[in-house]
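Hi,

Here is the structure I promised to send over. Have a look at it first, and then read on for my notes.

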Amino acid sequence: MNPMSQSALVPLRKKAKMVHISQSFCQHHIKFKEIVLFLVERKMGSSRRAFLMDLARKRGFQTEIELSDSVTHIVAENNSGPEVLKWLQSKNLGFTDKTHILDISWFTECMEAKHPVEIQNRHLLTVQQDCSANFNPPLSSSCVQVSQYACQRRTTLQDTNRIFTDAFDILAEYFEFSENKGRKVAFLRASSLIKSLPFPITAMKEVERLPWLGDQMKAIIEEILEEGKSYKVLELMSEERYKSFKQFTSVFGVGLKTSDKWYRMGFRTLEDIKNEKELKLTKMQKCGFLYYEDITSSVSWAEAETTDQLIKSIVWKFVPDAVVTLTGGFRRGKKNGHDVDIIITCPRKGKEKNILHNTISVLKNQGLLLFSDIIESTFVETKLPSKHVDALDHFQKAFLILKLPTQQTAIGDIIDPCGCEGRKWKAVRLDLVITPYEQYSYALLGWTGSRQFERDLRRYTTHERKMMLDNHGLYDKSKKVFLKASNEEEIFEHLGLDYLEPWERNA
Ligand code: DCT
Ligand code: MG
């Protein structure tokens with residue numbers, strides 16, 4: 001928390017009046033010539049605005065009473081980006097595409113530091129606007145206005161900036177391994193934002209005004225533009241902890257906690273782990289090592305389709321009207337994935353309940369099951385959706401490893417459990433999720449991903465709509481009701497969002 005809290009800046013009305021009168025008499029020395037501030041009066045009020053402008057001048061900043069071309073930084077309080085934009089439009093005020101639109105937190109920090117502080121992502125107020133809109137003065141045609149929320153951006157698999165997004169994804173992973181959640185999220189957001197750009201980045205000016213891109217990120221983009229690679233990223237990738245965690249977490253059943261434990265115990269490679277016979281592994285981890293090659297080689301579209309057909313054929317034998325949907329990355333159009341995700345429901349209430357256990361029994365009897373971890377439903381109807389953007393859902397589900405017949409093989413041919421060369425199967429990770437019919441659309445939306453899309457959708461729901469969303473439903477806090485949806489389009493409608501097709505959610 002900023003020690004100089006915003007409330008500390010709230011003036012007493014009387015005090016503000018005095019300041020207002022006094023400011024015309026005082027001439028302050030301008031220390032920061034490159035910055036011209038304009039404070040938005042909306043929600044701030046005229047006296048607080050006058051007080052803050054006077055404070056800024058005392059600290060050596062220039063301020064403008066009217067919005068003009070010379071303004072470099074627009075500062076607003078308790079306003080979202082679109083609100084600021086609307087207000088400026090209603091007052092017939094325009095700004096250039098070089099102007100920063102910032103939250104009061106940036107201003108507060110500058111006042112505290114007594115100099116301009118670096119603009120961070122959290123300071124930015126994002127405005128999604130049509131570049132052709134009639135502003136005064138008009139925005140230049142080179143403007144790139146991108147929403148800070150992935151659910152307001154169409155992100156297909158056509159990532160024309162992979163060289164940058166790969167670097168950012170590696171850094172997100174690096175910070176995840178270093179347990180620095182803030183920086184991990186920052187790099188994931190930046191990567192996701194760049195993935196949505198419809199043009200390849202060729203110059204720094206093209207990314208100047210994008211949200212979520214702080215100085216460190218821009219420095220990496222600049223380095224890649226100049227050198228074709230980032231030495232900073234390469235350096236971090238060569239760190240011992242990163243290399244070890246990368247190996248450890250590639251094993252099914254090994255997460256950050258286990259990786260950290262192994263690293264502290266002095267292990268560095270998977271060979272170290274395999275050679276340590278005393279080390280206790282969970283059943284999941286043992287399978288992870290046993291089928292390591294298969295599981296780490298990605299699942300192809302054809303394998304996902306075979307899995308989908310196999311599950312459908314089993315489920316439909318005992319519940320013919322069950323809805324079985326291939327979801328996750330494959331629903332978003334990916335050609336490869338790390339697993340297959342399938343959601344199952346049934347329009348007849350309660351008929352979905354036995355599907356998971358029955359399906360797993362059949363897979364077992366057919367010799368197609370290498371591993372299963374069944375999680376029973378923990379859903380409580382009266383509970384409100386979770387506030388956490390990464391919250392897990394409460395559906396009944398199973399994490400499986402299937403012995404999937406390779407394309408030319410009939411299911412009957414693969415009973416031989418030998419894992420040797422020439423085998424006719426591949427170990428494939430499958431997640432099965434069972435949902436009650438009335439929650440199916442929310443579950444489908446949640447399990448379609450991408451993870452970053454889901455995070456931003458929940459963040460948007462909380463901050464822009466004052467609602468709560470998770471994989472089970474949507475709760476309207478002001479009306480105190482759960483909103484029903486019979487398809488994904490209706491959820492987007494409830495949220496006031498343009499519908500995005502699954503393949504546009506590759507954020
Ligand atoms: N998901 C979820 N709850 C979980 C796990 C996943 O809501 N416990 C959501 C987030 C994304 C989606 O389900 C699919 O998850 P993954 O399979 O991890 O991601 P993917 O996009 O399918 O990626 P991949 O192609 O690598 O499988
Ligand atoms: Mg998946």
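Below is what I found, going from the overall fold to the metal site and then to the aromatic residues.

Please keep in mind that this is a predicted model. The protein has 507 residues, and 50% of them count as buried. Its secondary structure consists of 20 helices and 14 strands. If you look at contacts with a separation of 6 or more, 70% of them are between residues 24 or more positions apart. The accessible surface is about 25600 Å², with 53% of that belonging to carbon and sulfur atoms.

Now to the metal. Which residues coordinate the magnesium ion (ligand 2)? They are Asp339 and Asp341, each through an OD atom, at 2.1 Å. Buried means under 20% relative accessible area. Asp339 has 6% relative accessibility, so Asp339 counts as buried. Asp341, at 8%, counts as buried too. When you judge the site, remember that water is not among the atoms, so sites may look incomplete.

The aromatic residues gave me plenty to look at. There are 15 aromatic pairs in the structure. One of them joins Phe177 and Tyr242, with the ring centres 5.6 Å apart and 45 degrees between the planes, which makes the pair tilted. Phe177 belongs to helix α6 (residues 162-177) and Tyr242 to helix α10 (residues 240-249), so this pair links parts of the chain that are 65 residues apart. Both Phe177 and Tyr242 are buried.

Phe177 has a further partner in Phe245. Here the centres are 5.5 Å apart and the planes are at 45 degrees, so this pair is tilted as well. Because Phe177 lies in helix α6 and Phe245 in helix α10, the pair ties together parts 68 residues apart in sequence. Phe245 is buried, as is Phe177.

These three residues are part of one aromatic cluster, whose other members are Phe168, Tyr174, Phe175, Phe187 and Tyr263. Tyr263 is worth a click for another reason: Arg268 lies over the face of its ring, 3.7 Å from the ring centre. You can find another charge over a ring at Trp301, where the charged end of Lys335 sits 6.0 Å from the ring centre.

If you open the model, I would go to the magnesium ion with Asp339 and Asp341, and then to the cluster that includes Phe177, Tyr242 and Phe245.

Happy to talk it through whenever suits you.

Best wishes

Technical notes
Residues are numbered from 1 along each chain as its sequence is written. Chains are lettered from A and ligands numbered from 1 in the order in which they are written. This is a predicted model: local features need pLDDT of at least 70, side-chain atom pairs count only at pLDDT 80 or more; totals for chains, interfaces and linings use all residues. Side-chain values use heavy atoms; hydrogens and water are left out. Donors are N, O and S atoms within 2.8 Å of the metal (3.2 Å for Na, K and Ca); water is not among the atoms, so sites may look incomplete. Buried means under 20% relative accessible area, exposed over 50%, partly exposed in between (1.4 Å probe, protein chains only). Rings of Phe, Tyr and Trp (its six-membered ring) pair if their centres lie within 6.5 Å; planes under 30 degrees apart count as stacked, over 60 as edge-to-face and the rest as tilted. Helices (H or I, at least four residues) and strands (E, at least two) are DSSP runs, numbered from the N terminus. A charge sits over a ring if NZ of Lys or CZ of Arg is within 6 Å of the ring centre and within 35 degrees of the ring normal. Contact means heavy atoms within 4.5 Å. Accessible areas come from the Shrake-Rupley method with a 1.4 Å probe; for residues, only the protein chains shown count as cover.
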